[in-house]
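Biologist: I would like to learn how to read a model like this one, feature by feature. Where should we begin?

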Amino acid sequence: MKIDALLYIDDGLTDTDLTVGGEFTPDTLRSALTALSAFDNIRLAVPPGYGGKLLGAPDLIVRNDRDDISFWKRLLSESAAGHVVLVYADSPFLDPEIIKDMLDVHLRYQAEFTYSENLPRGCSCEIISRELVKSVPESDGNMLPLSEVVRSNINQFDVELYYRDPDIRDKRLSFRSGDRRERMIMENIISVAGGRPAYARIADIIAANPEVLHVAPSYAEVELTGRCDLDCVFCYRKRLASEHGDMPIPVYERLIDGLSSFGLPYSICLGGSGEPLMHPSFYELASRSLREGLLKNLVIETNGLLAGENLASFVRSSGDSRLRIIVNINGIDGATYSKLHGMDHFERVRGNILALREAVSGPEGLYVQILKINETEPFLDQYYDAWEKSGVPIILQKQNTYLGLIEDRRYSDLSPLERIPCWHLQRDCYILSDGRVAFCKQDVDGVSAAGSLVTSTLGEIWSASLQAFTSNYRGELSLRPDCRSCDEWYTFNL
């Protein structure tokens, strides 16, 4: 039976996105697939807006739709292949041996669909049979990619799930060069490895050279102010060594300039010890953030007291889908709310949330957040029922005791048994209201700050933090702050 390979180029990718380590990935993949001698044809599928050097290549398909069932039916109507190996063309680390092995499994077990879950994106392929495509009905409406249809209805098809050691899912890496951050990490790996490594070597290369992962902050939590009108039992604000004030506008500008200087996408969370909406220039600073093209998300974490018509109007007028509003509301009524937040503003906050629900753009624009602690456990089910009926998604938040600064109120410990390197040292930065960039979000008073935006650039501060990250990665845990007492190392932000 004939077998084709399909190199698939996602919408929006340019030849720059497809070039890694000085090599054009589609050419590299085509050569590797040809060397396997397993395919009757190697075809290319590009989106209609693609204008790169692949135009005019043999067996080129300029598609007019996504890789949904309509696309696959049209593709196989022009081919005699019984199976198609789908390879994303921005996968420079795809090991030919993995393709060969997956194809062997697929054919041996006569599967309709074969894929891998334990391999990072860009390290495996998907194998689709003609019988699978024939069995899925075509639709006039917008369809999901075929692979998502299969995964959502996995018991209806003959599916083989491919596994390969080593399992490096704990690193949460993607080896797809369409993501600029991942492309930079791959460039770093190629540099220290002296070329594109086989998949089996990647974990060892990273373990020996963890600095390849420390490319730029992807998430910045910003303490716009240390002021707040509530007195929550789980808040560390009153345990700080000194009062935290309002962040000066020039400091915030230096932060934005610093994040943009890396040339990589990033997210900002306006949070910290205080209520961000109390900053006198909150809307000016939020608008400034949204003017940045590299910004992926602007998260506003608020207690909801000031999240009234002014915020709703700002959200409506911006119309920006990158806005994410998280309202902390730990209560199901006035009594439970007052017990945790120090005073009863339940109905006011609830009303603000419901008004915001009508203002936000899309289902990811607004969340309510509740701590998973002893005091909330008795009414969690009731809380979920109430907010799900209101159409507001819920974040169940793990309590952070900030290295024992506040009382531990958790009723369960979800920490993994085996410790992995800290996500926050690899990807995050925490900026105090005076401009100091803390060691991490546990360094709430900036005692071990890596530097200050008042006197240094973010690039300089990020470079200075590399030693702390690599030491942590190798298991040499900081004593100040005491990383040994921390259980936030496995939590992960945007």
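Modeller: With burial. A residue counts as buried when its relative accessible area is under 20%, and as exposed when that area is over 50%. Keep in mind that this is a predicted model.

Biologist: How many residues of S13 are buried?

Modeller: Six of the six residues in S13 are buried, so by that cut-off the strand is mostly covered.

Biologist: Which residues lie on each face of S13?

Modeller: The general idea is that side chains in a regular strand alternate between the two faces of the sheet. In S13, Leu323, Ile325 and Val327 are on one side, while Arg324, Ile326 and Asn328 are on the other. Both sides are covered, and each of these residues is buried.

Biologist: How many bridges join S12 to S13?

Modeller: Five bridges join them, and the two strands run parallel. As for a particular position, Thr302 stands opposite Val327 of S13.

Biologist: Let us turn to the open sheet. What is the order of its seven strands?

Modeller: The order is S5-S4-S1-S6-S8-S7-S9, and the pairing is mixed.

Biologist: Which strands stand at the edges?

Modeller: Strand S5 (60–62) and strand S9 (159–162) do. Each has a single partner strand, so one side of each is left without a neighbour in the sheet. Ignoring direction, neighbouring strands of this sheet are turned by 20 degrees against each other on average.

Biologist: How many bridges join S4 to S5?

Modeller: Three bridges link strand S4 (residues 41–46) with S5, and these strands run parallel. Val46 has Val62 in S5 as its bridge partner.

Biologist: Now the empty space. What is the volume of the largest pocket?

Modeller: Rolling a probe the size of a water molecule over the atoms shows where empty space is left. Here the largest pocket holds about 1200 Å³ of space. It is lined by 49 residues, and the closest to its centre are Glu221, Glu301, Asn328, Gln369 and Gln397.

Biologist: Which strand gives the most to the lining of the largest pocket?

Modeller: S14 does, with four residues. Strand S10 (219–222), strand S12 (295–302), strand S13 (323–328), strand S14 (366–371) and strand S15 (394–397) each supply at least two residues of that lining. Asn328 therefore appears twice in our talk: it is buried by the cut-off of under 20%, and it is one of the residues closest to the centre of the largest pocket. By class, the lining of the largest pocket has 23 nonpolar, 16 polar and 10 charged residues.

Biologist: What is the volume of the second largest pocket?

Modeller: About 320 Å³. Of its 16 lining residues, the closest to the centre are Arg121, Gly122, Ser124, Glu126 and Arg151. Strand S6 (83–88) and strand S7 (113–116) are the elements that give two or more residues to this lining. The lining of the second largest pocket divides into six nonpolar, four polar and six charged residues.

Biologist: And closed space: how many cavities of 30 Å³ or more are there?

Modeller: The count is five. The largest cavity has a volume of about 120 Å³. Among its 16 lining residues, Cys422, Cys440, Gln442, Cys483 and Cys486 are the closest to its centre. That lining has nine nonpolar, three polar and four charged residues.

Biologist: With cysteines in that list, how many disulfides does the structure hold?

Modeller: Zero. To count as a disulfide, two cysteine sulfur atoms must be within 2.5 Å. For Cys483, the nearest cysteine sulfur is that of Cys440, 6.1 Å away. Cys483 counts as buried, at 9% relative accessibility.

Biologist: Last, the backbone. Which residues are joined by a cis peptide bond?

Modeller: Most residues other than glycine have a negative phi, and most peptide bonds are trans. One cis bond joins Asp165 and Pro166, with omega about -5 degrees. Pro166 is in the loop between S9 and helix H6 (180–193). Another joins Arg480 and Pro481, with omega about 0 degrees. Pro481 is in the segment after helix H16 (466–473).

Biologist: Where does Asp59 lie?

Modeller: In the loop between S4 and S5. Asp59 has a positive phi of about 60 degrees although it is not a glycine, and it is partly exposed, with a relative accessible area of 39%. Leu403 also has a positive phi of about 60 degrees. Leu403 lies in the loop between S15 and helix H14 (423–427) and counts as partly exposed, at 29% relative accessibility.

Notes. Residues are numbered from 1 along each chain as its sequence is written. This is a predicted model: local features need pLDDT of at least 70, side-chain atom pairs count only at pLDDT 80 or more; totals for chains, interfaces and linings use all residues. Side-chain values use heavy atoms; hydrogens and water are left out. Buried means under 20% relative accessible area, exposed over 50%, partly exposed in between (1.4 Å probe, protein chains only). On a 1 Å grid over the protein atoms alone, a cavity is a set of points where a 1.4 Å probe fits but cannot get out, and a pocket is an open set with protein on both sides within 12 Å along at least five of seven lines; lining residues have an atom within 4 Å of a point. Grid points are joined across faces, edges and corners, and a volume is the space filled by probe spheres set on the points. Ala, Val, Leu, Ile, Met, Phe, Trp, Tyr, Cys and Pro count as nonpolar, Asp, Glu, Lys and Arg as charged, and the others, Gly among them, as polar. Two strands pair if DSSP finds at least two bridges between them. Axes are lines fitted to C-alpha atoms, for helices over the stretch in contact, and angles run from 0 to 180 degrees between N-to-C directions.
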